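Colleague: Please give me a close look at a single part of this model, namely the pairing of its charged side chains. I should be grateful for one connected account, with each term explained where it is first used.

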Amino acid sequence: MHVSEKQKQYARKWDKDNMRTIATRVRTEEAEDFKAWCAMRGVSATSEIKRFVMSELEKYYEVIDKQHNAEKKD
């Protein structure tokens, strides 16, 4: 299916409004080793980084939720 220029424009605007990039710098050897580890597992480096971020956010949300519930009890 062909994506129209209008659809592409809408998608770019949505991404600009709703998405952010998280960047970091690591030594070349570490970056290469991480990419090799990901390739060995059959996943992309991007998906692994995103999986890690989401996993840590789940822990963070649990803490926030516990704090919120504790405040409600007081």
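Modeller: Glu48 is buried, since its relative accessible area is 6% (buried means under 20%, exposed over 50% and partly exposed in between, with a 1.4 Å probe and protein chains only). This is a predicted model, in which local features need pLDDT of at least 70 and side-chain atom pairs count only at pLDDT 80 or more, while totals for chains, interfaces and linings use all residues. Residues are numbered from 1 along each chain as its sequence is written, and side-chain values use heavy atoms, with hydrogens and water left out.

Glu48 is a suitable place to begin, as its side chain forms a salt bridge with that of Arg41, at 2.8 Å from N to O (a salt bridge is a side-chain nitrogen of Lys or Arg within 4 Å of a carboxyl oxygen of Asp or Glu). Arg41 has a relative accessible area of 42%, so this residue counts as partly exposed. The pair thus joins a buried acid, Glu48, to a partly exposed base, Arg41.

Glu48 also meets a second base: its side chain and that of Arg51 form a salt bridge with an N to O distance of 3.3 Å. Both Glu48 and Arg51 belong to helix 3, where 3 residues, or about one turn of the helix, lie between their positions (helices are DSSP runs of H or I, at least four residues, numbered from the N terminus). Arg51 is likewise partly exposed, because its relative accessible area is 46%. Through shared partners, the salt bridges link Arg41, Glu48 and Arg51 into one network.

The count for the model comes to 5 salt bridges. Another of them pairs Glu5 with Lys8, whose closest N and O atoms are 3.4 Å apart. These two residues stand 3 apart in helix 1, so about one helical turn separates Glu5 from Lys8. Here the acid is the exposed partner, because Glu5 has a relative accessible area of 53%. Lys8, at 35% relative accessibility, is partly exposed. The acid Glu5 is thus exposed, whereas the acid Glu48 is buried.

Two further features complete the surroundings. Helix 1 also contains Ala11, which is partly exposed because its relative accessibility is 36%. Ala11 and Asp65 are 54 residues apart along the chain, and 33 Å separates their C-alpha atoms.

The surface also carries a nonpolar patch formed by Tyr10, Trp14 and Met19, which together have about 370 Å² of accessible area. Patch members have over 30% relative accessible area and no salt bridge, like charges being joined within 9 Å and nonpolar side chains (Val, Leu, Ile, Met, Phe, Trp, Tyr) within 5 Å; areas are by the Shrake-Rupley method with a 1.4 Å probe, only the protein chains shown counting as cover for residues. Met19 sits in the loop that runs between helix 1 (5-18) and helix 2. With a relative accessibility of 46%, Met19 is classed as partly exposed.

To return to the part requested, Glu48 bridges to Arg41 and to Arg51, and the three residues form one network.
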